[in-house]
Structure formats: C-alpha cells, structure tokens
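Let's walk through this one together, starting at the ligand and working outwards. Have the viewer open as you read.

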Amino acid sequence: MVSSEIKNFGILGYPVGHSLSPQMYKAAFEAAGFINYNYIPLEVHASKLYFAVEGLKGLGFRGVNVTIPHKTTIAKYLDAIDADALVIGAVNTVVNDGGILTGYNTDVSGFLAALAEANFLPEDCHAVMLGAGGAARAILWGLCKKRAECVTIGARNPQKAQALANDFLSYGHVEAFDWNTDEFKEMLQTADILINTTPLGMFPEVDGMPPVDLKLLPEGALVYDIIYNPAETKLLKTARELGYPTLNGLSMLLLQGKEAYRLYTEQIPDMKVMTKTLEKILYKK
Ligand code: NAP
C-alpha cells in the first residue's frame, strides 16, 4: 500500500541528536509505503515545552515519541493520559487525534513483549531489579500487571528504591534494598530473573557492571540487561560464561517502538526492517 497523505512525526527531547528513533521509524514507514510520512528530531528545551506541544496540533503532527527530560513534565500539557502512563508517571509517546493529544507509555508493553519473545513467563516469578529510575518504574509496573509473586529492587540509593517500592505496594509484593547488603544477596538466591535497569556497562563505559555476585543466582535464572549498546554488556558476558541464559535490551527497544507505530498508524510495522536498521547502526552488522 502506498499512502500519499502527509503526516508528521518526531522525537521530542533535549538533546535528541543521539536518538535512534528517526532512522527506525523512517525505515518502517518507507517499508510500509508511507512515502509522505516525515520523522523529525525535535530538540526542545524544557522552558519551551508547552509551546512545542501546542505546536504539534498546528503543525499537523500525528504523533511524537518523548524522551529525557520531558517524559514526566509533558503530561500536564496533554488532553488525556493512558492508564499505563498514569501509573508509571511518564509518557514516551503522544498521539494526536484531531487536536486531542493523548500520552502513552509503550516501555511497559515493550518490556513484556520482550519477555514473551524470550519465552520467560513473569507470572508468579521472583524478579530482582537493579536500579530505581524511569525505566525501572515501567518495568516494575509490567511485572505487577503480570502478577509476579515478588519484585526485589536493589539500588545504590536505598531511599530511592524504597520510594519506588512504596508507589507500587498496592499493586504487588515489592521490596527494596541497598544492593550491598547481605539481605539483598539472600534475595538473589531465589530469583527467576535479574533485570539491570541502571546504565552501568553502557557504551562508552563498557567496563562498568552492577556490583552483583551472579554466582548466587539459581541455575537457569534469566539475566536481562535492558542496555542495548553494547549488544553484550559485561554483566551479560559474565552471566553467559557462568551458564545463565541472557537477554539484552534491543528487543525491548524495538517492541516499544512497534507499539508506538501501532498507536500512530493502527498497523504493525515490518519488524525485520526495524531490527536490521538498528543492528546496522548499533552493531555495524
Ligand atoms: P534513570 O531514570 O536515570 O535511572 C537510572 C538508575 O540507575 C537510577 O536508579 C540510578 O541511581 C542508577 N544509576 C545510574 N548510574 C549509576 C551508577 N554509576 N551506579 C549505580 N547506579 C546508577 O535512567 P533510565 O531512563 O531508567 O535508563 C536506565 C538505562 O536503561 C539506560 O541505560 C537506558 O539506555 C536503558 N533503557 C533501555 C530501554 C530499552 O528499550 N531497552 C528503555 C529505557 C531505558 P540514582 O538514582 O542513585 O542516580
């Protein structure tokens, strides 16, 4: 199908130069025959966010992806917020339906779809999550939605971890620890999955790794690092060498993009094209 209708999309953040979204969505639009769909980096300072959001309506934008630092602050300028984004307190996708702007968070569905692709069932699992930032909030909500038996948060800042746990206590069994304590190490021994949501090990600081003794994990526990650059972080390499199954963050990135594309177009993108595009940029494949 070839569409001649002009529609605008973009990534709203500050800065946005590093974003992979323009290439990923452009490739998917082209593969689907949306030849007049534009995808533009929209570098907008926090002080100008209100004007930029209002401008989306006037400039005929069908949708935008939202990144740091606007994920939480953009909500007050939108007309409606989807249920997931409301619980998480962050918006990463905005859809414009005839002047009505709705905010969504597609990280949740991206995370859960990535687990499903890896054949990991979160229902009744004990998940140990490292870090308590923005991505951790979306992942914690995904695990609670799927009725994980228990989620243990380990972080360098136990106050932040506890504050995150407190926000989700009514949705599931969530506990928070300083990741250097013996109590936390004990929790590792019953984990079905360990999820790193910190940037430790991300390019260019590839020698970084969260201070976790992976040998404490039970045999077969999935070690999941949501970092996608490099493809194999030091955490994942160590886990693989110890015999644990591993998963990196590329599938979550792609699958949250798939959900945003579906919200924009009511169609499913060509995932092979999106994957190839990102692998070429990230891993020079
Ligand atoms: P964020 O909101 O800044 O949260 C980062 C978390 O990591 C915080 O808990 C922070 O602790 C902790 N942290 C940061 N530096 C640390 C260090 N040197 N030592 C120990 N802990 C540290 O960031 P985010 O948006 O959640 O993103 C986190 C990571 O996830 C990034 O690598 C990002 O690329 C990745 N990510 C991947 C996807 C995907 O689709 N695969 C999606 C979203 C994010 P403090 O609060 O103490 O600073």
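**Around the ligand**

Start at L253, where a backbone N or O atom lies 3.3 Å from an oxygen atom of the ligand. Keep in mind that you're looking at a predicted model. On its own, the ligand would expose 920 Å², and the protein buries 74% of that.

Two other polar contacts are worth a click. A polar side-chain atom of K160 sits 2.7 Å from a ligand oxygen, while G134 uses a backbone N or O atom, 2.8 Å from an oxygen atom of the ligand. K160 and G134 also turn up among the residues that come nearest to the ligand, along with A132, A135 and I226.

Zoom out a little and you'll find 20 residues around the ligand. By type, this shell splits into eleven nonpolar, seven polar and two charged residues. Two helices, α5 (134-145) and α9 (250-265), each contribute at least two residues to it.

Now for the whole chain. The protein has ten helices and twelve strands, and its C-alpha atoms fill a box of roughly 60 × 40 × 30 Å along the principal axes. Why call the radius of gyration in line with a compact globule? Because a globule of 285 residues would come out near 19 Å, and the chain has 19 Å.

As for packing, 51% of the 285 residues count as buried. Take the contacts between residues at least 6 apart in sequence: 68% of them join residues at least 24 apart. On the outside, the accessible surface comes to about 13,500 Å², with 53% belonging to carbon and sulfur atoms.

Methods: Residues numbered from 1 in each chain as written. Predicted model: local features only at pLDDT ≥ 70, side-chain atom pairs only at ≥ 80, totals over all residues. Heavy atoms only, no water. Near = heavy atom within 4 Å. Polar contact = N/O pair within 3.5 Å; in protein donor to acceptor, adjacent residues only side chain to side chain. Areas by Shrake-Rupley, 256 points an atom, 1.4 Å probe, with all protein chains shown as cover. Helix = DSSP H or I, 4+ residues; strand = E, 2+ residues; numbered from the N terminus. Nonpolar A, V, L, I, M, F, W, Y, C, P; charged D, E, K, R; others polar. Rg over C-alpha atoms; globule rule 2.2 N^0.38 Å. Buried < 20%, exposed > 50% of the residue type's maximum accessible area, 1.4 Å probe, protein only. Contact = heavy atoms within 4.5 Å.
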